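Hi,

Here is the structure I promised to pass on. Have a look at it first, and my notes follow below.

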Amino acid sequence: MTAVSPRPGGTPAGYAALFDSLPDAVLVVGSDGLITQVNAAAERLFGYGRLQLVGQDHRMLLAEGYRSGFDRLLASLHSESGDIAAAKTPFESYGLHSDGTEFHGEVACSLLNSDGGPSLVASVRATFHRQETDAELREAMSLLSATLESTADGILVVGVDGKIAGINEQFTKMWGIPPELMAGGDDAAVIDFVLGLLAHPESFLAKINELYAHPTAESHDTLEFLDGRTFERYSRPQRVGNLVVGRVWSFRDVTPRRRAQEQARQAMADLAEQAEQLKAMAFQDPLTGLANRKLFHDQLSEALHGRSSTAVDVLLLDLDDFKEVNDILGHAAGDQMLVEVARRLRACVRPEDTVARLGGDEFVVLLTGSADAESVAERIVQSLNVPVWIEGSMRRPSLSLGIASLCADAVAASELLRRADVAMYAAKAAGKNRYMRFKPEMMTALVQRTDMEAGLRLAVDNDEIRVSYQPVVSPQVGEVIQFEALARWERDGRNVPPSQFIPTAERSGLISVIGLQMMRESFIQLGAWLSRGAERSLAVNVSGVQLRDRGFAGNVLDMAKSHGMVPRQLVLEVTESVFFDADDHVISQLASLRSAGVRVALDDFGTGYSSLGRLQDLPVDAVKIDQSFVSMVRTGAEKLPILSSMINMAHSLGLSVTAEGIETSEQAAYLMDLQCDALQGYLFSVPESEACLDQAISRSAEALQALEGLHLRR
């Protein structure tokens, strides 16, 4: 069919008659898709009057599935023609009658340029004679069209010439292709738009080139978009019989599925990481990275159940005086030291040996198959003794280490560790900064200490600790001026020496309770004697453990007040080590007590390495010369400048001097000649209970009288 094109010179009426006389239906469609002219054959074919068609959308005359493509067809005709387009090859389509019935027809189109702009002239010829034979084709085409439009995949059909032959609406939605771009018929522009959306456009083009180089190949891959979306891309050849006429591309948006998969993978990875962290937490010390207590016990149990010929050694250690690091430099510094200790321990053993931190400053090393555990212990002691800088301060770590080894008697893991623990405390008791191997007698000593502590606790609970008093005499006054309160414990009918139970009391913390009980009992029992002379006093021994109790000073002063005790009549005897305690609160408590009137005496004077040099700096009111110096006097004719120097130095600082441990009259006379202020010892009286205080005072007076007589005869 040939499109109608008016020629100059004819009359409008003549053209109209010619137009209406054409046997084929002719429609003129403007660039906006609206019908501008129809002929009489078009009215008959479609069942509408001319007025019903002019001004309407041309798609009302096309069956569903054939309504798209006007814009592309108009653009195609315009690009291929100059002013007037040649008739196009007819193509098949389905029209829609006014009664709703569809019919098959052939359509030929051309471009008409006029003053109003380009229009599309369509000549339509019905093919009713082929309706029955084409029924199946129509049904198939309708089904195919409906399927393509209803599918969730975007469909693109490209011919062998590389031009777009067909798309469905889902394709344009998925890719967001503007309608005007699709309508322009510029396939290259569409491809450029698509490439601009992709994260890897070069691989997209590479796959297209690969498939067109192999027309029969199929493909399935994924496309990643710049905005984070993911499409699956399928491609397969389009065949007519055995001939490949194009290629069908289908695209499926799998972004939600991919994101769900990624979330699932991430969740699994997080769970795996958490499982590893939990596993590490279960078997690893979080601060040092060493094995923890559980892993060590597992390793030790495994070693003990291994080959009987394999040596198994446990080296248990803790740091000496580690508390000072935390107290002076802070816990952060303490943690730094623990980390450094862990590093050094690992460097002292083989990779197959186990190093663990049991908690606090306690570490343990498990050696399996070691030829010489003691050489390893020696290496550890030397390694840890090297100074380390922490928080701007140089510290020299010190440790006590105990060794226990698997021997002929098979033992459980807990027992082997217990033996190493016993040996470690033996090393600490022997002076610290050393190692000791477990010996059976160490266990005996531990059992005795444990028994001592248990018995002492029971004695404290049952108020079985009693107080005895030893008099202190003044040669100048000529009478007893002070009683020193001394703790006494009778257990199972036997007196336990203070040298045995006092260290146990200090180690267990019971000394604080015992001290307060003794002080209260002394205030009550000596109250009447003290009230008869302001120069009289009560001396009580106080340990550093008691002074570390921040409520000690307040408790003492409250107790003294409640019992009518004048603070000036209370003397607290302390050893030199108290003044070097790392806890500053110890000194502040002594200062608080002195400001209230309580006096402080330095016990065992002369035995400390710095007492003589630092005496003037110590907050004390009196000194007590240790028995070891008094015992130097045998005949009284000795020349002992150390004693005279000690007494003279104390007097020059305004301190009073008491000599203790005096057993002979020669010793007493010698000290009296040196102007010693007070004397104490068995020469005057042994410690006595409250009931025997009068006898103690009488014996002391008799001893003083005898000394006066001796002094007069000299």
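Lysine 624 is buried in this predicted model, with a relative accessible area of 3%; the cut-off for buried is under 20%. Its salt-bridge partner is glutamate 484, and the closest N and O atoms of the two are 3.1 Å apart. Glutamate 484 is buried as well, at 5% relative accessible area. In sequence the two are 140 residues apart, so have a look at where they sit: glutamate 484 belongs to strand β19, and lysine 624 to strand β24 (residues 622–625), which makes this a link between distant parts of the chain. The pair is also part of something wider, since Glu484, Glu573, Lys624 and Glu660 are joined into one network by salt bridges that share partners.

Strand β19 (residues 479–491) turns up again with arginine 491. That arginine forms a salt bridge with aspartate 451, with 3.2 Å between the closest N and O atoms. Aspartate 451 lies in helix α16 (residues 440–461), so this pair ties together parts that are 40 residues apart in sequence. Buried or exposed? Arginine 491 counts as partly exposed, at 22% relative accessibility, and aspartate 451 is partly exposed too, with a relative accessible area of 40%.

A local example is in helix α13 (residues 331–348), which holds both arginine 343 and glutamate 340. They are three residues apart, about one turn of the helix, and their side chains meet in a salt bridge at 2.7 Å, N to O. The full count comes to 31 salt bridges.

The other thing I'd point you to is strand β11. How many of the eight residues of β11 (residues 312–319) are buried? Eight of the eight are, so the strand is largely enclosed by the rest of the structure. Val312, Val314, Leu316 and Asp318 point one way from β11, while Asp313, Leu315, Leu317 and Leu319 point the other way, and all are buried. So there is an aspartate on either side of this buried strand: Asp318 goes with one set and Asp313 with the other.

What does β11 pair with? Seven bridges join β11 to strand β13 (residues 362–368), and the two run antiparallel. Within that pairing, aspartate 318 has glutamate 362 as its bridge partner. Another seven bridges join β11 to strand β16 (residues 399–405), again antiparallel. There, leucine 315 of β11 has isoleucine 403 as its bridge partner.

Cheers

Methods:
Residues numbered from 1 in each chain as written. Predicted model: local features only at pLDDT ≥ 70, side-chain atom pairs only at ≥ 80, totals over all residues. Heavy atoms only, no water. Buried < 20%, exposed > 50% of the residue type's maximum accessible area, 1.4 Å probe, protein only. Helix = DSSP H or I, 4+ residues; strand = E, 2+ residues; numbered from the N terminus. Pairing = 2+ DSSP bridges. Salt bridge = Lys/Arg side-chain N within 4 Å of Asp/Glu carboxyl O.
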